[in-house]
Amino acid sequence: MSPSALPAARDRLRIAIQKSGRLSEPARALLASCGLSWRESRDRLFCYGESLPVDLLLVRDDDIPGLIADGVCDLGIVGRNVLAEQGSQRIDDAGSVKYREWRALGFGACRLDIAVPDSWEWSGSAQLRGKRIATSYPALLGAWLREQDVVADVVPLSGSVEIAPRLGQADAICDLVSSGATLAANQLKPVLTLLQSEAVLAGPAVPFVDAREELAALLLRRLDGVLRLKDSKLLLFQAQRQTLPALLKLLPDAEPPTMLQVDGADTLALQALCHGAMTWQRLEDLKLAGARGLMVLPVERMLA
Ligand SMILES: Nc1ncnc2c1ncn2[C@@H]1O[C@H](COP(=O)(O)OP(=O)(O)OP(=O)(O)O)[C@@H](O)[C@H]1O
Ligand SMILES: O=P(O)(O)OC[C@H]1O[C@H](OP(=O)(O)OP(=O)(O)O)[C@H](O)[C@@H]1O
Ligand SMILES: [Mg+2]
């Protein structure tokens, strides 16, 4: 199939991801870990799915909500901030948003914050009355201001928002913050969080009515397996039966362990899938509580 002629047939799933930017590599890596592979096209905007009928469309992240709402793409990986900002423009006849967040993906974490000059003594949202607030998120900021009953002047900017107060364009800002370094470099401080964001898998609010439904379900099953195993490890050890209660207390993040009796009634061999980080400190605590021959193994795949 020529990449310029996108298929009209609905027996393939089409996923939009960011072409280049913070979310592009992690999004691709996550889909690849779900067993997807693609044939690269020369223009690198459309990648034909080889291992499964799941194609990739590489686009600007701002276009992803519209592509899903219009049915051009079936799913998309995009920041919750972008999805939420555009929600009010993507309404169906019944007044509901046409897409929804299917899964939070655990990368691209950031917050949408209000920030004010370091010199301000912050006393609360009423302080923003009559002020000019620069933002790339006018819909989210506008909705929040209405909720707070604060009338302020929203100054929409598409980027470099943090510099607006220094340029005299605005008094405060509302923008994405991760480390806080950009705010600090511009003598601003965060005072309120409007939204906690991360990359999400977005899809239509209603089910597919054709072969895509089964494909989407397969992808979600694999995705859930991958997300569940993030940071998960298989812990193997031996212990005396009477030490078990103390050991299990140290493993609150573990699935119920599999136990095997070895070497008489009192010695057990255990294996437990643990979802938290398995640090040296934890292993030392387990050893002190009676665990022997501790081994931590990576878990590659899981199908519940
Ligand atoms: N500082 C940050 N730290 C972590 N995640 C962030 C940060 N800034 C943005 N993000 C998340 O990454 C997403 C993509 O950010 P990026 O800067 O790559 O977007 P962009 O410049 O709008 O890209 P595009 O060219 O696709 O429009 C944001 O929408 C947000 O969800
Ligand atoms: O809190 P920090 O870790 O400093 O990150 C915050 C900055 O990151 C993003 O900008 P980005 O670097 O993507 O630039 P852009 O928005 O101009 O593309 C965001 O718009 C902030 O400016
Ligand atoms: Mg963008």
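A residue is counted here as near a ligand if its C-beta atom, placed from the backbone, lies within 6 Å of that ligand. By that criterion, in this predicted model, domain 1 (13-108 + 199-229) and domain 2 (110-197) both contribute residues to the shell around ligand 1, so ligand 1 lies between them. The chain as a whole is divided into these two domains and domain 3 (233-298). The points below take up the domains, the ligand shells, the nonpolar cores and several individual loop residues.

**Domains and recorded annotations**

- An unreviewed UniProt entry lists residues 60-213 as "domain: ATP phosphoribosyltransferase catalytic", and over this span the chain is 20% helix and 32% strand, with end C-alpha atoms that are 26 Å apart.
- The unreviewed UniProt entry also lists residues 231-300 as "domain: Histidine biosynthesis HisG C-terminal"; that span is 21% helix and 40% strand, and its end C-alpha atoms lie 11 Å apart.
- Between domain 1 and domain 3, the distance from one C-alpha centre to the other is 39 Å.

**The shell around ligand 1**

- The shell around ligand 1 holds 15 residues, of which G21, R22, D61, G79 and S178 come nearest to the ligand.
- By residue type, the shell around ligand 1 is made up of four nonpolar, seven polar and four charged residues.

**The shell around ligand 2**

- Around ligand 2 stand G159, S160, E162, D175, L176, V177, S178, S179, G180, A181 and T182, and these divide into three nonpolar, six polar and two charged residues.
- Strand 10 (172-177) and helix 5 (181-185) each supply at least two residues of the shell around ligand 2, and strand 10 gives the most, with three residues.
- One member of the shell around ligand 2, S160, lies in the loop between strand 9 (153-156) and strand 10, where its phi is near 45°, a positive value in a residue other than glycine.
- S160 has 13 other C-beta atoms within 10 Å, and is therefore classed as partly exposed.

**Nonpolar cores**

- The largest nonpolar core has 55 residues, and within it I15 and I173 touch the most other members.
- Domain 1 (13-108 + 199-229) and domain 2 (110-197) both give residues to this core, so the core, like ligand 1, lies between them.
- A second, separate core of 10 residues includes L235, L247, A254 and M278.
- When residues up to four places away in sequence are left out, I15 touches L31, V54, L56, C73, D74, L75 and G76.
- As general background, nonpolar side chains in soluble globular proteins tend to be buried together.

**Loop residues within 110-197**

- Q187, found in the loop between helix 5 and strand 11 (188-197), has a positive phi of about 50° although it is not a glycine.
- Q187 has 13 C-beta neighbours inside 10 Å and therefore counts as partly exposed.
- K131 is placed in the loop between strand 7 (110-117) and strand 8 (132-135), and it is partly exposed, because 14 other C-beta atoms lie within 10 Å.
- Apart from residues up to four places away in sequence, K131 touches A152, D171 and A172, whereas its C-alpha atom is separated by 46 Å from that of F208, which is 77 residues away along the chain.

**Loop residues D210 and P257**

- D210 has its place in the loop between strand 12 (199-204) and helix 6 (212-229), and it counts as exposed because it has 10 C-beta neighbours inside 10 Å.
- Leaving aside neighbours within four places in sequence, D210 is in contact with R10 and D11, while D210 and S20, 190 residues apart in sequence, are 31 Å apart in space from C-alpha to C-alpha.
- P257 is found in the loop between helix 7 (244-249) and strand 14 (258-262), and with 19 other C-beta atoms within 10 Å it is partly exposed, because a residue is classed as buried if 20 or more such atoms lie within that distance.
- P257 touches L270, Q271 and A272, not counting residues up to four places away in sequence, and the C-alpha atoms of P257 and L273, which are 16 residues apart in sequence, are 7.2 Å apart in space.

Note on methods: Residues are numbered from 1 along each chain as its sequence is written. Chains are lettered from A and ligands numbered from 1 in the order in which they are written. This is a predicted model: local features need pLDDT of at least 70, side-chain atom pairs count only at pLDDT 80 or more; totals for chains, interfaces and linings use all residues. UniProt positions are given in the numbering used here, feature names are shortened, and annotations may be inferred rather than shown by experiment. Helices (H or I, at least four residues) and strands (E, at least two) are DSSP runs, numbered from the N terminus. Ala, Val, Leu, Ile, Met, Phe, Trp, Tyr, Cys and Pro count as nonpolar, Asp, Glu, Lys and Arg as charged, and the others, Gly among them, as polar. Domain bounds come from an automatic or database domain assignment. A nonpolar core is a set of buried Ala, Val, Leu, Ile, Met, Phe, Trp, Tyr and Cys residues joined through C-beta atoms within 7 Å. A residue is buried if 20 or more other C-beta atoms lie within 10 Å of its own, exposed if 12 or fewer, and partly exposed in between; C-beta atoms are placed from the backbone. Two residues are in contact if their C-beta atoms, placed from the backbone, lie within 7 Å.
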